[in-house]
Amino acid sequence: MAVKLFEMKRLSSGMAAELVGMSRVAFLLNLHRFNVPMVDLEEDELLMDVKNA
């Protein structure tokens, strides 16, 4: 449930990790088990991030 809520952007990674009782880093590193990306940016968002870096 926590992974799905994170994927839907209803919970932050920290809140989702807390919900399942693990660290944020561990939660993020285990998302691949559910085929959920750690970062889900649209192309224009990524280009804006690169431009502002």
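## Glutamate 45 and the negative patch

Glutamate 45 is partly exposed, its relative accessible area being 35%. This value belongs to a predicted model. In that model, glutamate 45 sits in helix 4. Because a residue needs over 30% relative accessible area to enter a patch, glutamate 45 at 35% passes that cut-off.

The surface carries a patch of negative charge in which Glu45 is gathered with Asp40, Glu42, Glu43, Asp44 and Asp49.

## Glutamate 43

Glutamate 43 is another member of the negative patch and also has its place in helix 4. With a relative accessible area of 64%, glutamate 43 is exposed; the cut-off for that class is over 50%.

Between glutamate 43 and phenylalanine 27 there are 25 Å in space, taken C-alpha to C-alpha, and the two are 16 residues apart in sequence.

## The nonpolar patch

Val25, Leu29, Met38, Val39, Leu41, Leu46 and Val50 make a nonpolar patch on the surface, with an area of about 660 Å². Two helices each supply at least two of its residues: helix 3, covering 24–30, and helix 4, covering 43–52.

Leucine 29, one of the residues of this patch, is located in helix 3. Its relative accessible area is 51%, so leucine 29 is classed as exposed.

## Helix 4 in both patches

Helix 4 supplies at least two residues to the nonpolar patch. Glutamate 43 and glutamate 45 also lie in helix 4, and both are listed in the negative patch.

Definitions and conventions
Residues are numbered from 1 along each chain as its sequence is written. This is a predicted model: local features need pLDDT of at least 70, side-chain atom pairs count only at pLDDT 80 or more; totals for chains, interfaces and linings use all residues. Side-chain values use heavy atoms; hydrogens and water are left out. Patches are made of residues with over 30% relative accessible area and no salt bridge: like charges are joined within 9 Å, nonpolar side chains (Val, Leu, Ile, Met, Phe, Trp, Tyr) within 5 Å. Accessible areas come from the Shrake-Rupley method with a 1.4 Å probe; for residues, only the protein chains shown count as cover. A salt bridge is a side-chain nitrogen of Lys or Arg within 4 Å of a carboxyl oxygen of Asp or Glu. Helices (H or I, at least four residues) and strands (E, at least two) are DSSP runs, numbered from the N terminus. Buried means under 20% relative accessible area, exposed over 50%, partly exposed in between (1.4 Å probe, protein chains only). Lys and Arg count as positive and Asp and Glu as negative; His and the chain ends are not counted. The place of a charge is taken as NZ of Lys, CZ of Arg, CG of Asp or CD of Glu.
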